[in-house]
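Let's take a walk through this one together, starting with the overall picture and then stopping at a handful of local spots. Keep the viewer open so you can follow along.

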Amino acid sequence: MEDGRGPAGWLLVLLACLAWRAGETEKLSPLAPGPRALSTKETFLVLSLHNKLRSKVQPPAANMQKLEWSEELAQLAVARVAGCLAAPAPPPAPQLGWSETLLPEGAGGFAELLERWFAEGRRYDYGAARCAGNATCRHYTQLVWATSGRVGCGRQLCAGSRGRSQAFACAYWPGGNWELSGAPIAPYQRGPWCSLCTAGLSGCFKSWDHGGGLCEVPRNPCRMSCRNGGHLNVSTCRCHCPPGYTGRYCQVRCSVRCLHGKFRQEECSCLCDAGYGGAECGARVRFPFHTCDVTIDGNCFMVSPEADTYYGAKAKCQEKGAMLAQVSNQKVQDILAFFLSRLESSNRVTDTDFETQNFWIGLTYKTSKASFRWDTGEPSTFTSFAFGQPDNQGFGNCVEMQASAAFNWNDQRCKTRNRYLCQFAQEHISQWQQDP
């Protein structure tokens, strides 16, 4: 029965057992004055080689976890080798596994030892979950036990009647080499690398040579990073940008001053007050009454004579003191669709890349809000997307009225060059008319 104790919980128990056995007659004695932990360099080597070997098993492992170093387990291992492994191994604590070896001095260090343990796998039959003949594979199976998540190791130089030797021990938690009704079970699940990782270990670590794959805690579940000193909130997968930057990844330098308007951080742009236009709403503009192509419920819509990208079109509308059109209901949609369909062919604009008959409106998909929103920031309560749209083909975050779909809407890449519709709102027009 599992009692829930971790490595720290069993540290005192195992140290007590080791201390008790320290009084027994030993054939070997430590040369060093006392047990010591591995150096930082050795720790890195031992851990890296463990993970490298675990990512090389054949057949491939679908649920092999990446090991992390544990100082608590390292203390247990150091205490174990302090007696040069002369005493019997301590009784196995629940969920704790051991591998230990005594080698002649000069036979190599941990690098050679771990390769030797891994080489036992040549005699291991995965299908039968057994080692061939009378050979032992217990070091190998513990080394590649998929659900072991932490490891700590120690070593000790020893003297004896047959010369010097080195004692090595590694403790693993959770351990391995479990049996079912007296028969050993396989150390891992076979299958494509990382294909059976658990929800808590959904990351897939690959070494520098991209060999294999080990399940790990995802360090960045959002699969994104923030630039220019931005901070990533992993719970919302959104960047909090420092002053002067904006964009999903804080990639856009933003030094816009909205002199007569409202600053929109998400797009680094201004929404101008009535009577003002330009990138920073600093230019006083007069309403060009003679340029209304369509008037609907007091709102004036202008059809552009040229094509531009979405944000280029937005800027050109704003220079006139307008905004990209908002299609707020079915009436506006029907009238605009009818008007655009009746335009003479000679009124179509031929761009340098292609002939365009589609028109930008002021609607974009905001990833941070998971919805389409008008340039004013308001959510879209009315939509007229064509059948099968929006489909995000080509990561289209901007919305066009599409000629081939009877001017119903389609999501399109914002860098596409389209004609566009500018809108002067009724409240803006009335305010202009009151100006002296």
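What follows goes from the whole chain to a helix pair, then to some serines, and finally to backbone oddities.

First, a caveat: what you're looking at is a predicted model. The protein chain has eight helices and 29 strands. It runs to 436 residues, and 47% of them count as buried. As for how the chain meets itself, take the contacts with a separation of 6 or more: residues 24 or more positions apart account for 64% of those.

Now to the helix pair. Two packed helices are described by the angle between their axes and the distance between the axes. For helix 2 and helix 4 (residues 110-119), the angle is about 20° and the axes are 10 Å apart. Angles under 35 degrees count as roughly parallel, so helix 2 is roughly parallel to helix 4. The crossing of helix 2 past helix 4 is right-handed. Which residues make the contact? Helix 2 brings Val46, Leu49, His50 and Leu53, while helix 4 answers with Phe110, Ala111, Leu114, Glu115 and Phe118. Sort the residues of this contact by class and you get seven nonpolar, one polar and one charged.

Step off helix 2 (40-54) and you land on Ser55, in the loop that leads to strand 2 (68-69). Is Ser55 buried or exposed? Its relative accessibility is 8%, and buried means under 20%, so Ser55 counts as buried. The side chain of Ser55 reaches back to the backbone oxygen of Lys52, at 2.8 Å. Leaving out residues up to four places away in sequence, Ser55 touches Trp193, along with Gly211, Gly212, Gly213 and Leu214.

Carry on past strand 2 and there's another serine to look at. Ser70 lies in the loop between strand 2 and helix 3. With a relative accessibility of 5%, Ser70 counts as buried too. A polar atom of the Ser70 side chain lies 3.4 Å from the backbone nitrogen of Glu72. Once neighbours within four places in sequence are set aside, Ser70 is in contact with Arg150, Val151 and Gly152.

For a third serine, jump along the chain to Ser371, which sits in strand 26. Ser371 counts as buried at 18% relative accessibility, given that the cut-off for buried is under 20%. Here the polar partner is a side chain: Ser371 and Arg373 are joined by a side-chain polar contact of 3.3 Å. Skipping residues up to four places away in sequence, Ser371 also touches Thr364, Tyr365 and Lys366.

Next up, the backbone oddities, beginning with positive phi. Cys84 isn't a glycine, yet its phi is positive, at about 60°. You'll find Cys84 in the loop between helix 3 (71-81) and strand 3 (97-104). Cys84 is buried, with a relative accessible area of 1%. Cys250 is another non-glycine with a positive phi, again about 60°. Look for Cys250 in the loop between strand 14 (245-246) and strand 15 (252-253). How buried is Cys250? Its relative accessible area is 0%, so Cys250 counts as buried.

A positive phi also turns up at Gly321, just after helix 6, with a value of about 85°. While you're there, have a look at helix 6 (residues 310-319) itself: its buried residues are Tyr310, Gly312, Ala313, Lys314, Cys317 and Gln318.

Last stop: cis peptide bonds. Which residues does one of them join? Trp173 and Pro174 are linked by a cis peptide bond, with omega at about -15°. Pro174 belongs to the loop between strand 7 (165-173) and strand 8 (179-180). Further along, a cis peptide bond joins Gln389 and Pro390, where omega is about -5°. Pro390 lies in the loop between strand 26 (371-374) and strand 27 (398-402), and strand 26 is where we met Ser371.

Methods: Residues numbered from 1 in each chain as written. Predicted model: local features only at pLDDT ≥ 70, side-chain atom pairs only at ≥ 80, totals over all residues. Heavy atoms only, no water. Helix = DSSP H or I, 4+ residues; strand = E, 2+ residues; numbered from the N terminus. Buried < 20%, exposed > 50% of the residue type's maximum accessible area, 1.4 Å probe, protein only. Polar contact = N/O pair within 3.5 Å; in protein donor to acceptor, adjacent residues only side chain to side chain. Contact = heavy atoms within 4.5 Å. Axes fitted to C-alpha atoms, helices over the stretch in contact; angles between N-to-C directions. Parallel < 35°, antiparallel > 145°, perpendicular 65-115°, else oblique. Left-handed = near helix turned anticlockwise from the far one by under 90°. Nonpolar A, V, L, I, M, F, W, Y, C, P; charged D, E, K, R; others polar.
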